[in-house]
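Reader: Hey, I'm new to this one. Could you walk me through it bit by bit?

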Amino acid sequence: MKILHFADLHLNIPFTGSYFPAQVARACRTRLRKTLHELLNLAAAEEVDAVTIGGDLFEADRLTRDTVEFLLSSFEQLSPIPIFIAPGNHDYYSPVSIYARYSWPENVYIFRQRRFQPIELNEEIVLWGFAHNAPDERDNPFHGFKVPSNGKINIALLHGSETGNFIENRAAHAPFQAHEILLSGFDFALLGHYHNASTLKVNKKIAIYPGSPQPLSFGEGGEHGAALVEVLRDDIRVRPVITATQFFYTYTVDMSTFNGMSGLVPEIRSIAGDSPDREAAFLRLHLTGVIPEDTHLDKELLREQLQNYFDFVLIRDTTRPEAWYEELQNEPTVRGAFVKRLKKMMAEETDDRELILAAMRYGLQAFEDERIDLT
Ligand SMILES: [Mn+2]
């Protein structure tokens, strides 16, 4: 039995969190539709027995009729291959949801209940789907649930947060711990929710997050794709398939060591490398540090130059002029005292000026809760 599993496609996602202009966001949404077609084409080419979707297929509050019709016709084209959907927090099942209001093609099966429900995939394999019924399901889906002993291979399909040891994480959607998958009697779990691909192990592989087929925001730098899962009598084999064609890059430049634009642009550009499959690249650039008195940085020029290589450039500027130190040392805070002390050291120990300046930089970054890269 061969299954293509994916999750978190997030059709119609607005990309507001990434500050995309409308045009860039629209291009990304179009790309997500194309990605769905590629996933379904892959399912057909691999002659899978089933497709499973681990939730967040779309963002319900943004969904257009057009997208619904796109989904219905795309899924119908895969017929007779069955598609099983376990709704997540963005596409939760309710009587007024798109899942309930539209008539879906016959090869599409939607799980409706916030409790595992079984479907026999064949004589040996049972798929158990769990549906979110609200945008904020905080209960553990495995609590109080036990697969009846049926001598079969039991696979869970759900959208949820494997929390590791942080069991007190109250904001998590459908939180659980990896070992509970086995405790409930499942052999394996096909998951969704985390956008970076990962594998859960308890002695052996017991579950996968395939990752969102495309990364959807800055910070989603991991692997993104789908998983081809082969269920054998005594083994479950997983083959990851990378589908990402858009990429989000984050880069920090300490402007304290800035010496001219000519080196900066190639340096930033090189983080994206060369990738023949890349359709779009987005950059979030963080400028930090204290700028020496005689330095001038033309941010608009920098953005313009970077836009030759990136489809979107977001610049966050937390640089400060050198004169800022003077102001700071009079501040009646721990930070002020810190700066005053280092200034005094600088005046006394002229040999260690560079070192003290670095300490000042890192210290101030820490005060501002910034990430500190010791370079
Ligand atoms: Mn989710």
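Author: Sure. Keep in mind that this is a predicted model. Let's begin with strands β13 (residues 225–232) and β14 (residues 235–242), which run antiparallel and are joined by 8 bridges.

Reader: What connects β13 to β14 along the chain?

Author: A hairpin does, and it passes through 2 residues.

Reader: And which residue is the bridge partner of E230 in β14?

Author: That's R237.

Reader: Ok, what sheet do those two belong to, and in what order do its strands come?

Author: An open sheet of 6 strands, with the order β4-β3-β2-β1-β13-β14 and mixed pairing. Its edge strands are β4 (108–110) and β14, each of which pairs on one side only. On average, neighbouring strands here are turned by 20° against each other, direction ignored.

Reader: How do β2 and β3 pair, parallel or antiparallel?

Author: Parallel, over 3 bridges. One residue pair to look for is I53 with its bridge partner I85 in β3.

Reader: Which strands of the sheet does α1 touch?

Author: Helix α1 packs on the sheet and touches β1, β2, β13 and β14. The direction of α1 makes about 170° with that of β1.

Reader: Does α1 do anything else? I mean, which other strands does it lie across?

Author: Helix α1, which covers residues 22–45, also lies across β15, β16 and β18. There it runs at about 135° to β16.

Reader: How are those strands arranged?

Author: They're 3 strands in an open sheet, ordered β15-β16-β18, and the pairing is parallel. β15 (246–254) and β18 (312–317) are the edge strands, each pairing on one side only. From one strand to the next, the twist averages 15°.

Reader: How many bridges are there between β15 and β16?

Author: 9 bridges, in the parallel sense, with β16 spanning residues 280–288. To find your way around, look for Q246, which stands opposite A280 in β16.

Reader: Which strands does helix α6 touch?

Author: β16 and β18. Helix α6 (residues 299–306) packs on this sheet, and its direction makes about 150° with that of β18.

Reader: New topic: the metal. Which residues are the protein donors of the manganese ion?

Author: D56 (OD), N89 (OD1), H159 (NE2) and H193 (ND1), and they lie 2.1 to 2.4 Å from the ion. Their spacing in sequence reads D-x32-N-x69-H-x33-H. Take D56 and H159: the pair links distant parts of the chain, 103 residues apart. D56 is in the loop between β2 (50–53) and α2 (65–77), while H159 is in strand β7 (residues 153–159).

Reader: Now pockets. What's the volume of the second largest one?

Author: About 220 Å³. Residues lining that second largest pocket include S256, T257, V290, Y325 and R361.

Reader: Which helix gives the most to that lining?

Author: Helix α9 (residues 353–367), with 5 residues. By type, the lining of the second largest pocket divides into 5 nonpolar, 2 polar and 4 charged residues.

Reader: Anything odd in the backbone? Which residues does a cis peptide bond join?

Author: S79 and P80, with omega at about 10°. P80 lies in the loop between α2 and β3 (83–85).

Reader: And what's the phi of H10?

Author: Positive, about 55°, although H10 is not a glycine. You'll find H10 in the loop between β1 (2–6) and α1.

Notes
Residues numbered from 1 in each chain as written. Predicted model: local features only at pLDDT ≥ 70, side-chain atom pairs only at ≥ 80, totals over all residues. Heavy atoms only, no water. Pairing = 2+ DSSP bridges. Helix = DSSP H or I, 4+ residues; strand = E, 2+ residues; numbered from the N terminus. Axes fitted to C-alpha atoms, helices over the stretch in contact; angles between N-to-C directions. Contact = heavy atoms within 4.5 Å. 1 Å grid on protein atoms, 1.4 Å probe; cavity = no way out; pocket = protein on both sides within 12 Å on 5 of 7 lines; lining within 4 Å. Points joined across faces, edges and corners; volume = space filled by probe spheres on them. Nonpolar A, V, L, I, M, F, W, Y, C, P; charged D, E, K, R; others polar. Donors = N, O, S within 2.8 Å, 3.2 Å for Na, K, Ca; no water.
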